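Biologist: I'd like to learn how to read a few local features in a fold. Could you walk me through them?

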Amino acid sequence: MAAADIIRGAGLERYYAEREAFPARPTPLDGAWTALTTEPQADGTVAARLIIDGLRCASCVWLTEQVLARMPGVAEATVSYASGRALLRWDPARTTLAALAGRIAALGYQPRPLGVEPHTDRTLLLRLGLAAIAAVAVMGLYEGLYAGWWYGAIDARMATLFRWVSLALATPVAFWCAAPFFAGATAGLRQRVLSMDLPIALGIIVLWVHGLASTLQNRDGYLDSLTMLVALLLVGRVLEARGRRRAADAATALVATVPRTARRSTPLGIERVPTELLRVGDTIDVGSGEEFAADGIVTEGTGQVRMSLITGEAEPVPVAPGDQVVAGSVLLDGALTVEVRATGGETVLQRMADELQRAADTGVRASGVDRIAPWFTVVTLVVAGITFAGWLAFRGLDAAVASTVAVLVVACPCALALAQPLAGAAGLGAAARRGLLFRSTQALLDLNDITVIALDKTGTVTAGEMTVVAADDAALRIAAGLERFSSHPIARAIVAEATRREIPLPRATGVHELAGVGVQGDLDGRRWSLTTGGAGSVCLQDGTAARSFIRLGDALRADAAGTVAALHATGRRVLLLTGDHGRIAEQVATGTGIREIISEADPRTKSSVILRLQQEGERVLFAGDGINDGLALSVADVGVAMGSGAASSVLIADAVISSAALAPLLAGFRAARAAGDAIRINLRFSLGYNVVAILAAAAGLVNPLVAAILMPLSSAVVIWGAARVETRVRREEMA
């Protein structure tokens, strides 16, 4: 309309008279695809990454990958359900990126280049809301019809009104609320792929057409089954959509920790320059509280650096001339001069971000329902066709139509399609109520295959904050007096412990902080010094030779030992995978009962350990909380992040522990086992029901009315099985 108004406003109405055909619809963002930079590959192909919006579930990802893989010239097509990103590799002599994007758009999804803002679709919740309201209303009306039919007490005019009102309510449900299923079915047919949406769409059409015909003939139809079917299927779609995470944000969060500017030393003095202008060999100054803008070597000064970004450990690291520092780390105290050794994409931080993104861009496995759907659809249609032809030849059109409708109606794709979403949703809910939030149903179910549980130390098995492990009150009083105005992590731990013990904090005078060494001050008429004692402790002494040590550490979570013991009881290996020193790791392992330890592991080592275990046939769950854990979280079969950890680890993880505890991990395994069992039982029941019911309907033993009763009953059994998930989890907790 806007285009027409512009044409008319310019006096160009003759355009409509002169044109000989409608113009071709342009390919979405065709210009953007033409201008998009591609990556040449060694084998002569080119590759590109893009975002696909509108992926509703794992089946959408599977369908997209299958259709793209069949296109001429396509060598690789991988779509990440976690991030919505697609990695495409193709022969430029045989196809183009614009053609690939057009094929994706033809499936009903929205491809866009990286960096282009997405188009938000909020209609799914509206469809669900309308379907739910209509389902409740139509079910109520049909209860009146069934009761009147049973007792013979309903007025004929009132029954007619009920049927027409039900049809009026069911029509928008069938044609608008169920539109995503029709879109998926028709898109699959255009691409010669049979998906689970096809039998669902056929069932909806048959139910509505039969409901319309029955209403016109003043008979009861199956409109209650129709509305409830659509509402329940949309519930599954909404739950899947809400569980998805965009892992691309994780890499952005990593790079955002690098400062935008740096203070570069020149022969003329100090100048502040953008970080991207730094070059290898430049010298930069870094002050207390600042982040490093590049990787480098300390040339002057000493200080304490928080390396948790890379190592994940809470304890500051002392640095001096000759030590390495990395971009994004924080100088807690002191002043340093650093010679730049790596900038931009060559820094450790940026390489971590790149590896994290590549690891996140992985495909999704096809579910059991995805594999069954094409066969189920083909068998149902074949049986329906044979039924129609057979009854038409022997009993006439009326019998053929009745038996064929009975076959299509009694063949319950809804029970098959709802088997995994409903039981999976119940499992997600059971885990969430206990503090473990999963990104998707598949992530939850993957827990059932886990054989090794690898746990980070700081912030996962431990609380993630430095605390006083051992100190006498007298020494703690003096140390707290010296540190009461410092923001150093050690100072905060000492003051917090003195406050917890209700020790009055004295006020020291002449306090002088020695960067990277400790603090000195006068208290009670004596000169005191508090210095690093090594091995996780600080040393307090005055002018005499007497010394007092305050031991520092990271306190274990209260439920860590009990959770580890319960995980061992499931028959799985539990491994402590930490960047901390071996002695500290051994202390934590002893306190929690963990039997296997790998210490002093940097981010690459952690991911390498997980990959090695996977090559040995193990399925690995990794739980961590830091930015440094991002790569390990992404390569693990299931990655679990602590909700209090770095934002990027939360975004890349398959699940997030929302409480300050480790016990939700055990609850996740219980919920996964209960949901997995429920899904298997539901699928077996659904397949068994469909085989028996379809054959009975084809033989004329089931009329459409009985089919309408059996179909919702089969769905009800599936719903009942899903509802048992929470009960089973609660029973296991009490055992």
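**Reading the features**

Modeller: Let's begin with F175, which is partly exposed, with a relative accessible area of 49%. Keep in mind that this is a predicted model.

Biologist: Which residue does F175 form an aromatic pair with, and what is the geometry?

Modeller: For ring pairs, look at the centre distance and the angle between planes; over 60 degrees counts as edge-to-face. By this rule there is one aromatic pair. F175 meets W208 edge-to-face, at 4.8 Å centre to centre and with 85° between the planes. F175 belongs to helix α7 (residues 156-177) and W208 to helix α9 (residues 197-216), so the pair ties together parts 33 residues apart in sequence. W208 counts as buried, at 16% relative accessibility.

Biologist: And what lies over the face of W176?

Modeller: That's R127, at 4.7 Å from the ring centre.

Biologist: How should I read a helix like α7, and where does α7 bend?

Modeller: Here's the general idea: an α-helix has 3.6 residues a turn, so residues three or four places apart point the same way. Now take the buried residues of α7: A159, R163, S166, L167, A170, V173, A174 and C177. As for length, α7 has 22 residues and reaches 31 Å from its first C-alpha to its last, close to the 32 Å expected. The bend, of about 25°, is at A170, and the proline P172 follows within four residues.

Biologist: On to sheets. In what order do the six strands of the open sheet come?

Modeller: Generally, strands of a sheet pair through backbone hydrogen bonds, either parallel or antiparallel. Here the order is β7-β6-β8-β14-β9-β12, with antiparallel pairing. β7 (269-274) and β12 (324-325) stand at the edges with a single partner strand each, so one side of each has no neighbour in the sheet. Inside the order, five bridges join β9 (residues 295-300) to β14 (residues 336-342), and G296 stands opposite V340 in β14.

Biologist: Last one: what is the sign of phi in D524 and in E600?

Modeller: Most residues other than glycine have a negative phi. D524 has a positive value, near 55°, and E600 has a positive phi of about 50°. D524 is in the loop between β19 (518-523) and β20 (526-532), while E600 lies in the loop between β24 (596-598) and α23 (603-615).

Biologist: Are these two residues buried or exposed?

Modeller: D524 counts as partly exposed, at 48% relative accessibility, and E600 counts as exposed, at 55%.

Technical notes: Residues numbered from 1 in each chain as written. Predicted model: local features only at pLDDT ≥ 70, side-chain atom pairs only at ≥ 80, totals over all residues. Heavy atoms only, no water. Phe/Tyr/Trp six-rings, centres within 6.5 Å; stacked < 30°, edge-to-face > 60°. Helix = DSSP H or I, 4+ residues; strand = E, 2+ residues; numbered from the N terminus. Buried < 20%, exposed > 50% of the residue type's maximum accessible area, 1.4 Å probe, protein only. Lys NZ or Arg CZ within 6 Å of the ring centre and 35° of its normal. Expected span 1.5 Å × (residues − 1). Bend = angle between axes of the 7 residues up to and from the residue. Pairing = 2+ DSSP bridges.
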